Amino acid sequence: MNGITRLYAENDVLANNNVDFEVLENEIHAVVGENGAGKTTLMKILYGLERADSGNIVFKGKEVSIHSPLDAGRLGIGMVHQHFCLIPEFTIAENVVLGIEPLKRKFFFDSERAVKNVREVNEQYGFQIDPALRVSQLTVGQMQLVEIIKILYRKADLLIFDEPTSVLTEQQINRLFSTLRKLIKIGKTIIIITHKLNEVKEISDRVTVMRKGRVVAVKKTAEIDERELSRLMVGKRVIFQFERDPMPPGGVVIELKDVTLREKGQERPLLDKVNMQIHSGEIVGVAGVGGNGLGELEDVISGLREVSGGVILHNAEDITRLSSLSLRERGLAYVPQDRLFRGSSLQSTVSENMIISNHHLFLKGGVFKKKEVQAFTDELTQHFSIDGDTKALIATLSGGNIQKVILARELATRSDFFVFSEPSWGLDVACSEFIYSKILEIRKQGVAVLLISSNLDEIQGLADTIVVMYRGRVVCSFPNTRDLSRELIGEYMLGLRDDYQKIS
Amino acid sequence: MVRKKLSSVFINSVGLIITLGIAFLIAIFLIFVLSSTPARTIYYFFIGPFTNKYYFGNMLNTAVPLVFTGLGIAIAFKSSIFNLGGEGQVYSGALIATVVCLSLPNANGYLGGALALISGLIAGSVLAGLSGFFKMKWGTNELISSFLISGAVVLIVNYFITGPLDDPGNSLLTTCAIAEQYHLLKIFPPSKLNISTFFGILSAGLVFFLMFYTHWGYEMRMCGLNREFSRYGGINVSTYLVMPMALSGALHGLAGGISILGTYHMCVKEFSFGMGWNGIAVALIAKNHPLGVIPAAIFFAYLDAGAKAAMLHSDVTFEIAAIVQSIIFYLVTAQAIYSFIKFRKRAPA
């Protein structure tokens with residue numbers, strides 16, 4: 001695979017500006033860069049999801065034109081997206097063969113053969129997962145594995161991973177990396193897009209650094225250290241530590257008492273008697289592996305899902321069954337994990353997205369005061385340096401900019417209780433730091449903060465109190481001190497320890 | 001940005017013009033095959049509506065109720081609510097308006113007329129609102145419930161027209177005629193075009209303002225685009241299951257009332273058939289844009305008027321006229337739906 005050049009313009013933004021990109025056969029090639037640096041765009045062009053305005057692609061010595069993922073698939077190029085493309089109601093086998101289903105008598109779907117085929121792929125590559133399982137039952141790590149199987153089933157030689165580790169636990173990441181190494185051993189080629197520099201060091205052979213749509217460096221990984229990489233990425237040195245001033249504890253703002261959530265027909269409750277207190281000026285960091293109740297805690301506390309038992313108190317008043325509307329009126333601000341569906345309306349403009357939580361403020365007799373809305377959105381875009389036109393659909397923005405819009409909007413509400421769920425998920429270093437500084441800023445103002453995150457760095461760096469959830473239960477709750485070890489938290493997260501006694 | 005927007009409008013209209021061109025070519029081909037006097041037929045089909053004041057005015061007058069029903073559908077669709085009960089809502093609105101006029105034979109024309117129109121409006125609104133309410137309360141599918149309610153209501157209205165309210169002195173199956181003072185002022189004699197035209201334009205403007213400038217419009221559109229997001233943002237989502245439906249029904253009821261006061265002056269059995277369904281077509285062509293509804297309704301009325309003129313002046317039968325009309329119509333609707341889907345697909349990238 002040789003030199004690729006292409007120029008790409010998207011709503012007057014040069015996403016890729018005359019990019020040369022080269023991957024050698026049978027290597028793991030990392031592509032790093034900030035949000036909006038053009039990594040994903042570049043890969044989407046390679047995978048046929050987007051078209052380049054100019055430039056060409058040479059694959060295995062031949063110039064090729066890739067107009068769709070189908071073309072890419074024929075050439076042997078596969079991609080694992082940041083957001084998985086799986087149908088939860090289908091089994092693994094059904095998801096894998098989707099589009100090239102084995103048929104019985106040329107017409108009927110042959111589910112037995114589908115399972116058998118997928119099992120063969122599993123044996124060939126040494127994956128241990130039952131193809132008859134439903135995708136909705138899987139963990140995030142397993143879903144990703146299904147995506148990989150999907151590509152391998154289509155006999156791809158070049159695999160593209162878009163931020164594959166962003167949702168995984170450390171254990172799952174290790175497993176993913178050993179899978180990647182296995183794939184390299186049998187002759188596959190891998191491109192991995194990532195933000196995490198330690199992963200670049202760990203897994204890749206070579207690395208391409210992108211900034212603002214251009215390639216700024218191509219290096220052998222062995223010849224470059226993390227500091228140098230981050231300098232290339234952001235153009236400035238990054239400090240990996242947060243300053244957290246000690247705060248006198250304030251009063252209890254939010255209290256959860258025996259909060260339980262059951263799904264119909266399920267034995268194990270999704271939330272099992274969760275008790276928690278969040279004080280004014282305190283950041284409570286909830287850590288846990290996906291599927292252990294973090295998402296449910298988020299839904300319940302933001303009023304979007306009704307609890308089956310227990311009470312939630314806000315300033316000692318019962319708010320358990322209030323709608324999200326009344327919760328917002330009481331001072332809830334909330335940055336959800338699901339940005340693309342819950343956190344934003346992709347078919348609406350940036351401006352319409354920005355005013356959702358407080359559009360009541362811009363009304364006069366039910367009619368919007370357009371000038372004030374404009375002033376408000378302009379101010380937010382400027383203050384949060386959001387790259388994009390406020391009148392354009394938010395779907396045209398990059399992931400990082402969408403998150404900034406959500407953050408800006410929620411911070412603009414007057415609140416005393418803030419829920420962040422995976423606030424820096426998939427964001428680059430500079431953008432994450434910006435978000436962290438904002439979280440610490442509102443902490444200083446005395447806001448009670450609930451930080452739900454699968455990123456331990458984030459929790460350890462920001463939280464005053466660390467709570468770990470496992471199988472819907474709170475398995476430990478510690479004040480965050482420097483000597484609290486990561487391993488200990490990890491053991492609680494993975495359910496290896498269950499010796500925590502409730503002290504209070 | 002502005003340039004971009006303009007160019008996308010341009011591309012859209014080029015697509016529409018090409019589709020129209022193809023549709024007309026097919027229509028002309030069909031007329032050549034089916035008619036023994038093709039030149040004459042083509043002339044009346046396409047130019048007919050413009051040949052005299054009577055045809056032209058009546059064409060515009062046909063468009064007026066379609067503007068109302070089209071607006072009603074556009075509001076509902078923009079909120080991702082599906083109102084398939086337009087037929088029953090128009091018909092019952094017409095009946096109620098007639099009943100009000102008949103029961104007040106000597107009242108002031110303006111007051112009584114306004115009362116009649118408002119009653120018709122409320123009738124449609126209640127019928128449609130019911131489906132919204134059921135959806136909010138029990139999660140029933142409004143698409144099905146509105147359709148079924150409408151189906152039943154049509155029969156009930158038929159019963160009243162042919163039974164208790166029937167005018168024995170008229171050979172048509174119809175109610176008695178409403179009093180003279182309720183007739184809406186004609187503005188383009190000898191055609192039936194009347195001041196309800198202005199109500200239509202005004203309503204389109206109002207709906208446009210409502211959807212894009214007000215709090216309710218914003219919340220409705222947000223709920224239409226993403227209900228989860230709206231709930232998250234603190235919008236009372238269940239309100240917007242009922243409200244768009246009620247508004248939609250109100251516009252349908254008004255379409256019925258205005259047809260009575262402006263055009264028919266009596267509630268003839270099944271006079272309004274097609275207004276509800278055609279409203280859906282109009283909204284589709286207009287891509288649910290309130291201001292786009294006006295040209296879309298006129299286009300629809302033009303096809304209708306052309307078909308009528310061709311039937312009167314050439315050897316074309318009703319069936320042939322209907323075939324030609326529907327081919328043009330299907331192609332245009334398909335184009336509208338296609339670009340709508342393309343837009344939906346492109347946006348979430």
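How much area do chain A and chain B bury between them, and what share of it is on carbon and sulfur atoms? In this predicted model, the two chains bury about 2,800 Å² between them, with 58% of that area on carbon and sulfur atoms. The views below start with this interface and then turn to the two domains of chain B.

**View 1. The contact between chain A and chain B.** Welcome to the interface between the chains: 39 residues of chain A and 28 residues of chain B take part in the contact. About 2,800 Å² is buried here. For polar contacts, the rule finds 15 residue pairs across the interface, counting pairs with both residues at pLDDT 80 or more. On the chain A side, several elements supply at least two residues each: helix H10 (324–330), strand E18 (332–335), helix H11 (350–354), strand E20 (367–368) and helix H13 (399–411). Sorted by class, this side of chain A holds 16 nonpolar, 14 polar and nine charged residues.

**View 2. A salt bridge between the chains.** Here we zoom in on Arg342(A) and Glu228(B), whose side chains form a salt bridge with an N to O distance of 2.5 Å. This pair is one of two salt bridges that the rule finds across the interface of chain A and chain B.

**View 3. The two domains of chain B.** The domain assignment splits chain B into domain 1, made of residues 1–35 + 316–349, and domain 2, residues 55–305. Taken over C-alpha atoms, the centres of these domains lie 26 Å apart. Their contact involves twelve residues from domain 1 and ten residues from domain 2.

**View 4. Where domain 1 of chain B touches domain 2 of chain B.** A closer look at this boundary shows about 1,000 Å² of buried area, of which carbon and sulfur atoms give 77%. How many salt bridges are counted between domain 1 of chain B and domain 2 of chain B? The count is zero, and the rule also finds zero residue pairs in polar contact here, with both residues required to be at pLDDT 80 or more. Two helices of chain B, H1 (2–34) and H13 (318–346), each supply at least two residues of the domain 1 side. H13(B) gives the largest share of that side, with nine residues. By class, the domain 1 side divides into seven nonpolar residues, four polar and one charged.

How values were computed
Residues are numbered from 1 along each chain as its sequence is written. Chains are lettered from A and ligands numbered from 1 in the order in which they are written. This is a predicted model: local features need pLDDT of at least 70, side-chain atom pairs count only at pLDDT 80 or more; totals for chains, interfaces and linings use all residues. Side-chain values use heavy atoms; hydrogens and water are left out. Contact means heavy atoms within 4.5 Å. Buried area is the accessible area (1.4 Å probe) that two parts lose on being put together, summed over both. A salt bridge is a side-chain nitrogen of Lys or Arg within 4 Å of a carboxyl oxygen of Asp or Glu. A polar contact is a pair of N or O atoms within 3.5 Å; within protein, one must be able to donate a hydrogen and the other to accept it, and residues adjacent in sequence count only if both atoms are side-chain atoms. Helices (H or I, at least four residues) and strands (E, at least two) are DSSP runs, numbered from the N terminus. Ala, Val, Leu, Ile, Met, Phe, Trp, Tyr, Cys and Pro count as nonpolar, Asp, Glu, Lys and Arg as charged, and the others, Gly among them, as polar. Domain bounds come from an automatic or database domain assignment.
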